[in-house]
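Here are my notes on the model, set out as numbered points. Please read them with the coordinates open.

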Amino acid sequence: MSRWLPAGLGVKRWFTLFIACSLVGAFAFLYLTWTGPLHAVATRWILNLNAALGTGFLQVWMLGGAVMLLSLAGAVTSMVMFNRSILRAMGSDPAATLDTIHSVRTLARGPRVVAVGGGTGLSKLLGGMKSHTGNLTGIVTVADDGGSSGRLRASLDMIAPGDLTDCYAALSDSPVLARLLLHRFERGEGLEGHTFGNLLLATLSEEQGGLQGAMQDVHEILKVRGEVFPATTSPTRLVAELSDGRTVVGESQLAQSKGDARILRVRLDPPDLPALPAVTAAVRQADLIVLGPGSLYTSILPALLVPEVAETIRRSPAPLVYVAPIMTEPGETDGMGLAALDAAILHHLGRRPDLLLVNSQPVPLRVVDRYAAEGAELLSSLGMTPGVRRRVSYAPLLEAGDVAHHDPAALARALLALRHRR
């Protein structure tokens, strides 16, 4: 019973009303009997009962109280069993009903959080945040042109579904659906290499003439806690301009073509892409906007390059928090420290992050050495100006194991603690 006591579930008020109405109804019946035409019958019945029991007034009063409590308990039991029968008939598990009510009622009062990015980092953030609030919106980059996403995009002229699939799996309330979405086919002509989630989004996009018309169906089918939207529903390519004068087209080509050059800026082709109204509405209503974690140039900035998305974020009064990477990204952010990443966001978005969330937990040497062999290094704090340093917030964010990833639960807690700061 104690699980029904927390405020906001919307249950205790109706249970109290049921008890109150039952007691009032019993009193009204007694009043009707005592003052109406049944007075003589009720008096004779009480006298006969007293004579049959052979007891005094006090003992009969106690018996009446016991019968009243038993009747009330029976009424409550009948109400509970009635609800259980209805839930079973609807295919719901009565044992899970309380958890469902708690999730819907309690999480619905959580802060409105908008997270921008893509890849594994964004899906982990959403997965950690969904236990704190149901008001989550993921804005996902769709410029990926490699792997399963790239093949589907080239074949069907659709937006890249891969990062959307990861985020839907992270927010799905169905463990079975989450597992199926990420299942990758390892055999089968035409199926090998594709994930089930990518094929599902491709099917819905094809049926509705584009993913925009299928977004509501996607959220209902996958039982998503919160919402996930593409930054744009129009196919686009990422274009990177390098310091040596070259231009690299395609997200999948950037890391292997960049060489020793620096990335001066990235843009989308075509540049003037529309954003979903639901995306801009979520940003306007946000209590907190989060960039990352994820690859800056291939996950975060592509979503920010959609003009309406960028403009709405620039105008938003909500705190803008950038989750800094733990390690640099080979082929993207080589040699770039926190100050350089901050400057890149300002250059492309037109607004500095209000806060820079940085991991304070030491990374094991064996993990650093393994990443170094792949060309990555710990994010440097060198070159930080006093203005950048004032906006840095440190928290232990390292995930356990032999990886330099953010822990979803720790990241969610740290971000929620920052939502009132600017």
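1. Helix H9 has a long list of buried residues: Gly197, Asn198, Leu199, Leu200, Leu201, Ala202, Leu204 and Ser205. These buried residues pack against four helices, namely H6 (147–156), H7 (162–171), H8 (175–181) and H10 (215–222). As with everything below, this is read from a predicted model.

2. The geometry of H9 is regular in length. The helix covers residues 196–208, 13 residues in total, and its first and last C-alpha atoms are 18 Å apart, close to the 18 Å expected at 1.5 Å a residue. Just after H9 comes glycine 209, with a positive phi of about 75°.

3. Is histidine 194, in the loop between H8 and H9, buried or exposed? Histidine 194 is buried: its relative accessible area is 5%, and the cut-off for buried is under 20%. Not counting residues up to four places away in sequence, histidine 194 touches Ser148, Arg151, Leu152, His183, Arg184, Phe185 and Leu199. Of these contacts, Leu199 is also one of the buried residues of H9.

4. Helix H15 can be checked in the way used for H9. H15 runs over residues 338–349, and its 12 residues should span 16 Å at 1.5 Å a residue; the end C-alpha atoms are 16 Å apart, which agrees. The buried residues in H15 are Leu338, Ala339, Leu341, Asp342, Ala344, Ile345, His348 and Leu349. Glycine 350 follows H15 and has a positive phi, near 85°.

5. The largest nonpolar core holds 93 residues. Which of its members touch the most others? They are Leu164, Tyr168, Leu296, Tyr297, Tyr322, Leu357 and Leu415. A second core, separate from this one, has 9 residues, among them Val367, Ala376, Leu398 and Ala404.

6. Tyrosine 168 deserves a look of its own. Leaving aside neighbours within four places in sequence, tyrosine 168 is in contact with Leu181, Leu201, Met215, Val218, His219, Leu222, Val224 and Val228. Leu201 in that set is among the buried residues of H9.

7. Serine 393 sits in strand E10, residues 392–395. With a relative accessible area of 10%, serine 393 is buried. Apart from neighbours within four places in sequence, serine 393 contacts Leu356, Leu357, Val358, Leu418 and Arg421. Leu357 is also one of the listed members of the largest nonpolar core that touch the most other members.

8. The salt bridges come to 14. One of them joins the side chains of arginine 225 and aspartate 173, at 2.8 Å from N to O. Arginine 225 is in the loop between H10 and strand E3 (227–230), and aspartate 173 is in the loop between H7 and H8, so the pair ties together parts that are 52 residues apart in sequence. Arginine 225 counts as buried at 19% relative accessibility, while aspartate 173 counts as partly exposed at 41%. The value for arginine 225 should be read against the cut-off for buried, which is under 20%.

9. A further salt bridge pairs arginine 265 with glutamate 241, the closest N and O atoms being 3.2 Å apart. Arginine 265 belongs to strand E6 (residues 263–269) and glutamate 241 to strand E4 (residues 237–242), so this pair ties together parts 24 residues apart in sequence. Arginine 265 is partly exposed at 33% relative accessibility, and glutamate 241 is partly exposed at 21%. Both belong to a network of salt bridges that links Glu241, Arg265 and Arg267.

10. Aspartate 244 and arginine 246 also meet through their side chains in a salt bridge, at 2.8 Å from N to O. Aspartate 244 counts as partly exposed, at 43% relative accessibility. Arginine 246 counts as partly exposed too, at 34%.

11. On the surface, Leu23, Met68 and Leu69 form a nonpolar patch whose accessible area together is about 300 Å². Methionine 68 lies in helix H3, residues 57–89. With a relative accessible area of 45%, methionine 68 is partly exposed.

Terms used: Residues are numbered from 1 along each chain as its sequence is written. This is a predicted model: local features need pLDDT of at least 70, side-chain atom pairs count only at pLDDT 80 or more; totals for chains, interfaces and linings use all residues. Side-chain values use heavy atoms; hydrogens and water are left out. Patches are made of residues with over 30% relative accessible area and no salt bridge: like charges are joined within 9 Å, nonpolar side chains (Val, Leu, Ile, Met, Phe, Trp, Tyr) within 5 Å. Accessible areas come from the Shrake-Rupley method with a 1.4 Å probe; for residues, only the protein chains shown count as cover. A salt bridge is a side-chain nitrogen of Lys or Arg within 4 Å of a carboxyl oxygen of Asp or Glu. Helices (H or I, at least four residues) and strands (E, at least two) are DSSP runs, numbered from the N terminus. Buried means under 20% relative accessible area, exposed over 50%, partly exposed in between (1.4 Å probe, protein chains only). A nonpolar core is a set of buried Ala, Val, Leu, Ile, Met, Phe, Trp, Tyr and Cys residues joined through side-chain atoms within 4.5 Å. Contact means heavy atoms within 4.5 Å. The expected span of a helix is 1.5 Å times one less than its number of residues.
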